[in-house]
Amino acid sequence: MAQSHSGVHAQLDALLSADPQSMFAELVRAGLQALIEAEATAKIGADRYERTDQRSTHRNGHRVKTVSTPVGDIEARIPKLRSGSFFPALLERRRRIDRALYAVIMQAYVHGVSTRAVDDLVRALGVDTGISKSEVSRICADLDAEVEAFRTRSLAHTQFPYVFADATFCKVRIGAHVVSHAMVVATGVSADGTREVLGTAVGDSESYEFWTDFLRSLKARGLSGVHLVISDAHAGLKAAVAQQFTGATWQRCRVHFMRNLHGAVSAKHAPAVTAAVKTIFAHTDPVEVAAQWDQVTDTFAGTFPKAHSMMREAKTDVLAFTAFPRGHWQKIWSNNPIERLNKEIKRRADVVEIFPNPAAFLRLATSVVIDQHDEWQVGRRYLSETSMAELRRVIAAKQHALDSSSDYSQSGLVDHCA
């Protein structure tokens, strides 16, 4: 709605005589009010005191709504109508925080700012009444739509030859009890060498059933082309990987294995055991790596029988990475990449301490990994294009060997039947 020259001059005089903070608040208020009046005019079909054939009703005064903005609290006057109702699209019902401030609060929450610190931040931005803990929770609930869209997006746009899976635990309130809940995360390296967060889920334990449901949901969303899954040796996860990714190899995280190995020897002998095992991974030829593993295992036979037994049983799983390109070894022989992501989740979750429910835990943790996912999309490749071309040759050779084996088996069956 256009203002008269006298009205504009009066408003200008008021702005010039006000302090800078009040001046910006008045500019925001005046701009918002002009947009509200213009929207009301469009809805009614006529301006104030205007006679038109399109008019559907008449104004009937105003009601005041206080809106908190980054420049302080302002009062917006919302037109009332004689028939029907009107509420401006720029504002939201039952909400006094404007959208810009709304976004600030959500980002602060995701980045691990405590509720008290959010209240201080809001006051510093000019909202004298501050913001309550419950209001912060209500605002951050709007992240749910973004989180759900991310967790259910299609994964069919490419294949993911490498998949990492892990879990981290936080305290969640269930009724009158505080219990530990697992947040599971899966990340993948795509066919062009970039990384993506594939999915997240929250459950009460790392059971086989929970992991199976999670991995099945990834496949239902289009996850394909998996040739190596990297994780710790959790029995439920290992069994779920074997069931859901038939034909894929499982890589036992070497870092987790070393921790387990240290538990099999005394603390004073742990450094010597670590030094011996490290000599295995210093080799660059798969045959030499396997030979060194056997040699180190044999040296443990008399002195560290439990470590000897663990080494002998874990060889195939810990050395699974050797079947893949040499340039990928350091990136795929442990779960360290996803461990760093879990540490960031824990860092931000520690501010909350106890989540009010599993949904709040899932909301914050997934928001954290979405930030990381977005950074990966604009960052450099995790694995080079040249090394990914080598991986494609490895996969082709593997497929050829499988096809040859299948043809041989079928030929043998025919000969036997004959």
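What follows is a short look at the predicted model, first the whole chain and then helix H11 and Arg254.

The protein chain has 16 helices and eight strands. Of its 418 residues, 43% are buried. If we take contacts between residues at least 6 apart in sequence, 65% of them join residues at least 24 apart. The accessible surface comes to about 21900 Å², and carbon and sulfur atoms account for 54% of that.

Helix H11 runs over residues 286-303, and its length checks out: 18 residues at 1.5 Å each should span 26 Å, which agrees with the 27 Å between its end C-alpha atoms. Buried along H11 are Val289, Gln292, Trp293, Val296, Thr297 and Phe300. These residues cover an arc of only 140° around the axis, so they sit on the same side of H11. The spacing fits the usual helix arithmetic: with 3.6 residues a turn, residues three or four places apart point the same way in an α-helix. Over on the other side of H11, Val287, Asp298 and Gly302 are exposed. As for what the buried residues of H11 pack against, the partners are H9, H10 (270-281), H12 (305-318) and H13 (329-332).

One of those partners, H9, covers residues 254-262 and includes Arg254. This arginine is a bit of an oddity to look at: Arg254 is buried but makes no salt bridge, and the nearest side chain of opposite charge, Glu339, is 13 Å away. Setting aside neighbours within four places in sequence, Arg254 has contacts with Phe281, Val318, Trp333 and Ser334.

How values were computed: Residues numbered from 1 in each chain as written. Predicted model: local features only at pLDDT ≥ 70, side-chain atom pairs only at ≥ 80, totals over all residues. Heavy atoms only, no water. Helix = DSSP H or I, 4+ residues; strand = E, 2+ residues; numbered from the N terminus. Buried < 20%, exposed > 50% of the residue type's maximum accessible area, 1.4 Å probe, protein only. Contact = heavy atoms within 4.5 Å. Areas by Shrake-Rupley, 256 points an atom, 1.4 Å probe, with all protein chains shown as cover. Lys, Arg positive; Asp, Glu negative; His and termini not counted. Salt bridge = Lys/Arg side-chain N within 4 Å of Asp/Glu carboxyl O. Expected span 1.5 Å × (residues − 1). Arc of directions from axis to C-beta.
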